[in-house]
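Let's take a walk through this structure together, one part at a time. Keep the 3D view open beside the text and turn it as you read.

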Amino acid sequence: VCWVLSAGVAMPLFKRVAIVGLGLIGGSLGMVLRRRKLASRVIGVSRSASTINQAIRLGAIDQGATEGSRAVADADLVVICTPVSVIVPTAKHLARYMKPGSILTDVGSTKASIVSELQRNLPADLAFVGAHPIAGSEKRGLAAATHKLFDRSFCIITPTSKTNDRSLALIESLWQAVAGRISQMSPKEHDRLMAQASHLPHLLAYALARATDLSSLPEVPRSFLDMTRIAKSDPDLWDDIFLSNRSQLLEALKRLERQLALLRRSLKASHAASLRNFCQQAKQKREALADPTG
């Protein structure tokens, strides 16, 4: 249930939410929580006082703290919005200060190792629910945050047999309200699919941008700009993601390499029919995918 009714008045889903990490995702989430009144109070955590002040000015948080232990002490929900490489140590540290019965969640782009580590190591009186909103931008940082970031997006929730049912329902309600759609899958299945649908495309965009020299063109074709747009993403963010999902990403690369080998053979043999068949099959698979942009 997204809203609690008391005497006919809709009450927020959470009283106090602490968002740890005020970048693109954390800042945007705070804006939505406040605009839609999903939390009575949104507390932001950042090591930078200037970032906290900026987040308050942008309407992303009600107040902030540079020390996470203070911010999470009275929070009903703590959302870790840091790079994936520091989600687990950050969560373990903050869990010592969280009140019994509160919920911890994250927005990490990989899930298997994070979920496994935290479910094994958090105190028994805290609940953890893994989540990954499928929303983002090649831009990074609080300045890029917007309350529209999650529009027409969805969120993958990754419960296990150890996940607390009440906490799971609350996190599902939260992301249903924020993103509009939610989906459940295992952490391992999430990582397999994200390796193919998100992590591999980013890796290829970097490779394509690096492999080409278009300096002599008076204007770069739109096809190249479209395919390499996400190569403008911050490498400090993406190298963490690539390495945290390394095994699944390597499997996705193997699948791609097999397709590239087929293309190479067809091109080398000047085999028009096989090239056309290859492209036709790819076209059919792409056309079968839902595309919110049309």
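A good place to begin is a single residue: Ser-167 has a relative accessibility of 2%, so it counts as buried, the cut-off being under 20%. Please keep in mind from here on that this is a predicted model. Ser-167 belongs to helix α6. What is Ser-167 in contact with, leaving aside its neighbours within four places in sequence? The answer is Ile-103, Ala-127 and Val-129. One of these, Ile-103, is a residue of strand β7, and that strand leads us into a sheet.

This sheet is an open one with 6 strands, and their order is β5-β4-β3-β6-β7-β8. The pairing is parallel. Which strands stand at the edges? They are β5 (63–65) and β8; each has a single partner strand, so one side of each has no neighbour in the sheet. From one strand to the next, the twist averages 25°. If sheets are new to you, it helps to know that strands of a sheet pair through backbone hydrogen bonds, either parallel or antiparallel.

Now let's step through part of that order. Strand β3, which covers residues 14–20, runs parallel to β6, and 4 bridges join the two. You can find the pairing residue by residue: Ala-18 has Val-78 of β6 as its bridge partner, and Val-20 has Ile-80 of β6.

On we go to β6 itself, residues 77–80, which pairs with β7 in the parallel sense over 4 bridges. Here Leu-77 stands opposite Ile-103 in β7, while Val-78 has Leu-104 of β7 as its bridge partner. Val-78 is thus a handy landmark, as it is also the bridge partner of Ala-18.

The next step is from β7 to strand β8 (residues 127–129), again a parallel pairing, this time over 3 bridges. Leu-104 has Phe-128 as its bridge partner in β8. The chain makes its way from β7 to β8 through helix α5 (residues 112–121), and this β-α-β crossover is right-handed. There is another right-handed β-α-β unit to look for, made by β6, helix α4 (residues 87–95) and β7.

How do the faces of these strands fare? In a regular strand the side chains alternate between the two faces of the sheet. In β6, Leu-77 and Val-79 lie on one side and Val-78 and Ile-80 on the other, and all of them are buried, so both faces are covered. Strand β7 (residues 103–106) also has both faces covered: Ile-103 and Thr-105 are buried on one side, Leu-104 and Asp-106 on the other.

Let's turn to the other sheet. It is open as well, with 3 strands in the order β9-β10-β11 and mixed pairing. Its edge strands are β9 and β11 (182–184), each of which pairs on one side only. The twist averages 20° from one strand to the next. Strands β10 and β11 pair in the parallel sense over 3 bridges, and Cys-155 stands opposite Ile-182 in β11.

Helix α6, where we began, comes back into view here. It lies across β9, β10 and β11 and runs at about 170° to β10. Helix α6 (residues 165–179) also meets α1: the axes of the two come within 10 Å and cross at roughly 90°. The two helices are therefore roughly perpendicular to each other. Which residues make the contact? From α1 come Leu-29, Val-32 and Leu-33, and from α6 come Leu-174, Trp-175 and Val-178. By class, this contact has 6 nonpolar residues, with no polar and no charged ones.

We finish in the loops. Lys-37 sits in the loop between α1 (24–35) and β4 (39–45), and its phi is positive, about 55°, although it is not a glycine. Is Lys-37 buried or exposed? With a relative accessibility of 57%, Lys-37 counts as exposed, because the cut-off is over 50%. Arg-152 also has a positive phi, near 60°, in a residue other than glycine. Look for Arg-152 in the loop between β9 (131–133) and β10 (155–157); its relative accessible area is 64%, so Arg-152 is exposed.

Methods. Residues are numbered from 1 along each chain as its sequence is written. This is a predicted model: local features need pLDDT of at least 70, side-chain atom pairs count only at pLDDT 80 or more; totals for chains, interfaces and linings use all residues. Side-chain values use heavy atoms; hydrogens and water are left out. Buried means under 20% relative accessible area, exposed over 50%, partly exposed in between (1.4 Å probe, protein chains only). Two strands pair if DSSP finds at least two bridges between them. A crossover is right-handed if, with the strands pointing away from the viewer, the path from the first strand over the helix to the second runs clockwise. Axes are lines fitted to C-alpha atoms, for helices over the stretch in contact, and angles run from 0 to 180 degrees between N-to-C directions. Angles under 35 degrees count as roughly parallel, over 145 as roughly antiparallel, 65 to 115 as roughly perpendicular and the rest as oblique. Contact means heavy atoms within 4.5 Å. Ala, Val, Leu, Ile, Met, Phe, Trp, Tyr, Cys and Pro count as nonpolar, Asp, Glu, Lys and Arg as charged, and the others, Gly among them, as polar.
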